[in-house]
Amino acid sequence: MRVAVVGSGPAGMYAAALLAQDERVDAVDVLDAHPTPFGLVRHGVAPDHHSTMSVAQVLTRTLELDGVRFFGNVTVGKDVSRAELLERYDVVVYAVGVDRDRELGVPGVVGSLPLIEWYTGLPGCPALDLSGVRSTVVVGGGNVALDVARLLLLDAAELRRSAMPDDVLLAYSGARVEQVHLVIRRSALDVKFSVPMLRELLAVPGLGTELDPPGLPPVPDDLSGVEGRQVAKRLSLFAEAAARTQERDDLSRLVVFHFGSEVVEVGPAGPDGAAEVVLERSGREPLVLTSGLTVSAIGYHGTRVPDLRYDESTSTIPNADGLVTGNEPGVAGREFVVGWAGRAPTGVIGTNRSEAARTVETIWRTVGEEVPARPRPGVEDLAALLHGRGVRFVDADGWRRIEAAERERGVTREAPQVRINDPDELLSRGTSDR
């Protein structure tokens, strides 16, 4: 059997590895729209989270397996069509992730993805100017909101040893965000961010903490086990940080947690670029903040694949245990989905491992143990098709050259790597052998 995996994030790579190691599979081709592999591990994880980014080293082993090829800088629907993939492969697995923010619905609020893609070095991402921003508002009560807040508060010196691209680090050297207001619809008991992420935010040098409202509720008696301990630990961290702030007068930055609050209006920007942001607060008077940048981190929409069904209500590719449903005759039973594109953006990186195993089980349950030979007379290989169209794609060797260049670039900054975010340079390094 020949398999195409569209998307090289954790979900796609875990699925590719399981399939490539099965004796019934002859070849697995992994396609990605970006020149570099690993999806959210590379362009969704904060550039100073080196331990999380090390997952890429595990995923790299998939590209070293016999029968696995990588096609970076190849977009389905532009460089190759869905129909052309189905001509060349017995099974196509979509691991296309997410590509759009869920909108807050308030004019003047921007999604978190452009900011995250910029500071993680997504190639070709527009640069952001933070030089005049002193106070920001971040909407959301999950780990993404906390990470965005933390990255806004850190300065260039504190990010020098990160994987942040050189030009982004230079932009940070002219930025000085002094306040971040985290606007959270839930109460302090119901926030969804993890204890480690909260602890990391509160550890930003020179950071003070305020709570709105200032008091904290007790842990309910009916909360026990892991959930109860997590709630208790978060409340303890909030209380300790707020108390420390009262005792110190050398703090230069501030994070304010606004619980039970929602952004309902963002006024026009003034001459300094700042705007008035109106919060509605549960059981209290509205509050007006000043913000030079108002960002929402409230979730994402799954990526659409041209000519493939998409469920607007769930922002996913419709599926049953990974099997794409509702396909036309002749295609049914040959397309599958794994990761956020099929389940919505929930879970952590490790969640994709178990889900990939489930989807691969579904593949074998669907196609059967005996895979029929499907000769394809006259159908050229994907690489030949792309070459014929002048598509410059990055293979596994090209990715290794890019990776080596990024490690070399990191030496001067005492960082494990420094991302290359220029698309021309990435393609030049990744395709230099052809």
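**Reading packing and backbone features**

Me: Where is Glu414 found?

Reply: Glu414 is found in the loop between helix 15 and helix 16. Keep in mind that this model is predicted.

Me: What is unusual about the phi of Glu414?

Reply: The phi of Glu414 is positive, at about 55 degrees, although Glu414 is not a glycine.

Me: Is Glu414 buried or exposed?

Reply: Read the relative accessible area. For Glu414 the value is 54%, so the residue counts as exposed.

Me: Which phi does Asp307 have, and where does Asp307 lie?

Reply: Asp307 has a positive phi of about 75 degrees, and Asp307 is not a glycine either. Asp307 sits in the loop between strand 15 and strand 16. Its relative accessible area is 66%, so Asp307 is exposed too.

Me: Back to the helices flanking Glu414. How do the axes of helix 15 and helix 16 run?

Reply: Take two values, the approach and the crossing angle. Helix 15 covers residues 396-411 and helix 16 covers residues 423-430. Their axes come within 7 Å and cross at roughly 120 degrees. That makes the two helices oblique to each other. On the helix 15 side, Gly398, Arg401, Ile402, Ala405 and Arg409 make the contact. On the helix 16 side, the contact residues are Glu425, Leu426, Arg429 and Gly430.

Me: Which peptide bond is cis?

Reply: Look at omega. The bond from Asp212 to Pro213 is cis, with omega near 0 degrees. Pro213 is in the loop between strand 9 and helix 11.

Me: Now the rings. What describes a pair of aromatic rings?

Reply: The distance of the centres and the angle of the planes describe the pair.

Me: How many aromatic pairs does a search of the whole structure find?

Reply: The search finds 8 aromatic pairs. One of them joins Phe238 and Phe259, with 5.3 Å centre to centre and 70 degrees between the planes. That pair is edge-to-face. The pair also links distant parts of the chain, since the two residues are 21 residues apart. Phe238 is in helix 11 (residues 225-247), and Phe259 is in strand 10 (residues 253-259). Phe238 has a relative accessible area of 0%, so Phe238 is buried. Phe259 is buried as well, at 5%.

Me: Why is the pair of Tyr300 and Trp340 stacked?

Reply: The planes of Tyr300 and Trp340 lie at 25 degrees, and the ring centres are 6.4 Å apart, so the pair counts as stacked. The cut-off for stacking is under 30 degrees. Tyr300 belongs to strand 15 (residues 300-302) and Trp340 to helix 12 (residues 340-343), 40 residues apart. Tyr300 and Trp340 are both buried.

Me: Which residues do ring pairs link into a cluster?

Reply: The cluster holds Phe193, Phe238, Phe257 and Phe259.

Me: What lies over the face of Trp364?

Reply: Arg24 does, at 3.6 Å from the ring centre of Trp364.

Me: How should I read one side of a helix?

Reply: An α-helix has 3.6 residues a turn, so residues three or four places apart point the same way. Take helix 10, residues 195-202. Val195, Met197, Leu198, Leu201 and Leu202 are buried there. They share one side of helix 10, because they cover an arc of only 165 degrees around the axis.

Me: What do the buried residues of helix 10 pack against?

Reply: They pack against two helices, helix 7 (143-153) and helix 11, and against strand 8 (179-184), strand 9 (207-212) and strand 10.

Me: How many residues of helix 1 are buried?

Reply: In helix 1 (residues 10-20), 10 of its 11 residues are buried. Among them are Pro10, Met13, Tyr14 and Leu19.

Me: What about single strand residues, such as Thr209?

Reply: Thr209 is in strand 9. Its relative accessible area is 2%, so Thr209 is buried. Beyond neighbours within four places in sequence, Thr209 is in contact with Leu202, Ala241, Ala242, Thr245, Leu254, Val255 and Phe257.

Me: And which residues does Val139 touch?

Reply: Val139 lies in strand 7 (residues 135-139). Val139 is buried, at 7%. Leaving out residues up to four places away in sequence, Val139 touches Leu104, Ala145, Val183, Val263, Val295, Ser296, Ala297 and Ile298. For a long-range distance, take Arg304, which is 165 residues from Val139 along the chain. Their C-alpha atoms are separated by 25 Å.

Definitions and conventions:
Residues are numbered from 1 along each chain as its sequence is written. This is a predicted model: local features need pLDDT of at least 70, side-chain atom pairs count only at pLDDT 80 or more; totals for chains, interfaces and linings use all residues. Side-chain values use heavy atoms; hydrogens and water are left out. Rings of Phe, Tyr and Trp (its six-membered ring) pair if their centres lie within 6.5 Å; planes under 30 degrees apart count as stacked, over 60 as edge-to-face and the rest as tilted. Helices (H or I, at least four residues) and strands (E, at least two) are DSSP runs, numbered from the N terminus. Buried means under 20% relative accessible area, exposed over 50%, partly exposed in between (1.4 Å probe, protein chains only). A charge sits over a ring if NZ of Lys or CZ of Arg is within 6 Å of the ring centre and within 35 degrees of the ring normal. The arc is that of the directions from the helix axis to the C-beta atoms. Contact means heavy atoms within 4.5 Å. Axes are lines fitted to C-alpha atoms, for helices over the stretch in contact, and angles run from 0 to 180 degrees between N-to-C directions. Angles under 35 degrees count as roughly parallel, over 145 as roughly antiparallel, 65 to 115 as roughly perpendicular and the rest as oblique.
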